[in-house]
Amino acid sequence: AVIWVTDPEKYHDALLHDEILQRWLPRLGRQLVVVNKADRLGAEDGERLRRDLEGDVARFTLRAGEGTERPRVVLASALGAEGAGLDMVRAWLDEGADGKRIVRARLIASIRDTIAALARSAGLEPTGDARPILAAEARRSSVTDASDALLRVLDLPALRRQAIGATRARARARGAGPLGGLTSRLFRWSGRQARVADPGAYLARWRDRGSAGPAAGSVRAALAEPLRVAAPGTRRLLAESTSAAQLERGLGSAVDRAIAADPGEPPTSAWWTAIGLAQTVATGALVLSAIWVFLWALIKFPADSVVLPVIGPVPVPFVAIVVTVVAGYLLARLLGAHAGWLGRRWAAHLADRVRANVRGEVETVVFAPIDTLEAARRLLWTVARGAAQDCRPG
């Protein structure tokens, strides 16, 4: 609100007419033109001056175009304690103040009601608690069901067998003696190792054993009720984020990321090297014993006998062969037992890591769109509660 103040000497001034009234009349909403020092004018001169200035203001208003409000012209005196002019100025100011209060109250109520309506369209009540789209317990249950469905496809028991098989294959290469290297190469060249003793390749082939469809179905089942009762403002976004095709793609990518980490090399042990040296010695002894038996049988090479209970006398070459065979068997059993123990530990660690990765990825992928929507709803609820407090009546 603007009051333009002039006086009897300046009311025809070019500054007032050209720079102020002509420029600002079309641009301002509430205006009043006051001719001060009216106490220096007689009644007739004051009224003539007021009508003259009022005519100029009217012309400027018409020139400004339709819709421009024409300001009133008032005669007043700053020296007069009471008077019609000052009363009119005070009345105009009071009228504006009342109008401002009305407009302000209307704007405040409009802000409060608009934000509250927006919150309700998102399923929120500003005066109540911000209830999530999916309850925490239902969310945990959904993540567990989806993860279990994916882990059934991955087949963790078979993964453990692969890990144990890879550990035993490595143990044979190091601890099975001179024949260990040959049997390990044959095991690898035949392709059998890739099928039964390669956990990384086994995980990478998970789509050959199933799909992410059942996991996506369990998630959709958990979200069916929240989707049914969702507010209009969130139903479309929620439906798009829980479509079967999108969920299945997201869960498939989640599994790929969960198993992307290299499972690492199978464990090894210095004991295997020691067992391998012992197997080498046993193999050498077996070969020498076999040569001794051959020579003894072929050319009657002299050899002592050992008297055994029940059996009686047995040539030493035969005893040597039996002892070396038993020693090699016991060493092989010891190597297998130790490799199996290490392999089971590694397999359990690998399965636990895959399980945790799958669960973490499932929760991130499945609920990322819902979490984004929940963050927006929470912010909207906070704003709506603040608006209800800040914009309350009075």
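A salt bridge is a side-chain nitrogen of Lys or Arg within 4 Å of a carboxyl oxygen of Asp or Glu. In this predicted model, E47, R50, R51 and E54 are joined in a network of such salt bridges. Side chains of opposite charge can pair when their charged atoms come close. The count for the structure comes to 15 salt bridges.

## Salt bridges

Three further pairs are set out below, each with the distance between nitrogen and oxygen.

| Acidic residue | Basic residue | N to O distance |
|---|---|---|
| D256 | R207 | 3.0 Å |
| E361 | R257 | 3.0 Å |
| D352 | R355 | 2.9 Å |

The salt bridge between D256 and R207 ties together parts that are 49 residues apart in sequence, because D256 lies in helix α11 (residues 244-258) and R207 in the loop between α8 (199-204) and α9. Are these two residues buried, partly exposed or exposed? D256 has a relative accessible area of 31%; a residue counts as buried under 20% and as exposed over 50%, so D256 is partly exposed. R207 has a relative accessibility of 46% and is therefore partly exposed as well.

Helix α11 also holds R257, which forms a salt bridge with E361 in helix α13 (residues 316-390). This pair links distant parts of the chain, the two residues being 104 residues apart. E361 is partly exposed, with a relative accessible area of 21%. R257, at 44% relative accessibility, is partly exposed.

The salt bridge of D352 with R355 lies within one helix. Both residues belong to helix α13, and they are 3 residues apart, about one turn of the helix. D352 has a relative accessible area of 45% and is partly exposed. R355 counts as partly exposed at 31% relative accessibility.

## Packing of helix α9

Helix α9 (residues 213-228) comes into contact with helix α4 and with helix α11.

How do α4 and α9 run with respect to each other, roughly parallel or roughly antiparallel? The axes of helix α4 (residues 136-154) and helix α9 come within 8 Å and cross at roughly 165 degrees. Angles over 145 degrees count as roughly antiparallel, so α4 is roughly antiparallel to α9. Their crossing is right-handed. On the side of α4, the residues in the contact are S142, D145, A146, A149 and L150; on the side of α9, they are P214, A215, S218, V219 and A222. By class, this contact has 7 nonpolar, 2 polar and 1 charged residues.

The arrangement of α9 with α11 can be described in the corresponding way. Here the axes are 9 Å apart, and the helices pack at an angle of about 125 degrees. This angle falls outside the ranges for roughly parallel, roughly perpendicular and roughly antiparallel, and therefore α9 is oblique to α11. Helix α9 passes α11 in a right-handed crossing. In this contact, G213, A215, A216, V219 and R220 of α9 meet A244, L247, E248 and L251 of α11. The residues divide into 6 nonpolar, 1 polar and 2 charged. A215 and V219 of α9 are named in the contact with α4 and again in the contact with α11.

## Residues with a positive phi

Most residues other than glycine have a negative phi. Which residues here have a positive phi without being glycine? One of them is K37, with a phi of about 65 degrees. K37 is found in the loop between β2 (31-35) and α2, and it counts as partly exposed at 26% relative accessibility. Another is D155, whose phi is near 60 degrees. D155 lies in the loop between α4 and α5 (156-175), and it is partly exposed, with a relative accessible area of 27%.

## A residue of helix α2

A58 is found in helix α2 (residues 43-64). Is A58 buried or exposed? Its relative accessibility is 15%, and since the limit for a buried residue is under 20%, A58 counts as buried. The C-alpha atoms of A58 and R72 are separated by 9.5 Å, and these two residues are 14 residues apart along the chain.

Key: Residues numbered from 1 in each chain as written. Predicted model: local features only at pLDDT ≥ 70, side-chain atom pairs only at ≥ 80, totals over all residues. Heavy atoms only, no water. Axes fitted to C-alpha atoms, helices over the stretch in contact; angles between N-to-C directions. Helix = DSSP H or I, 4+ residues; strand = E, 2+ residues; numbered from the N terminus. Parallel < 35°, antiparallel > 145°, perpendicular 65-115°, else oblique. Left-handed = near helix turned anticlockwise from the far one by under 90°. Contact = heavy atoms within 4.5 Å. Nonpolar A, V, L, I, M, F, W, Y, C, P; charged D, E, K, R; others polar. Buried < 20%, exposed > 50% of the residue type's maximum accessible area, 1.4 Å probe, protein only.
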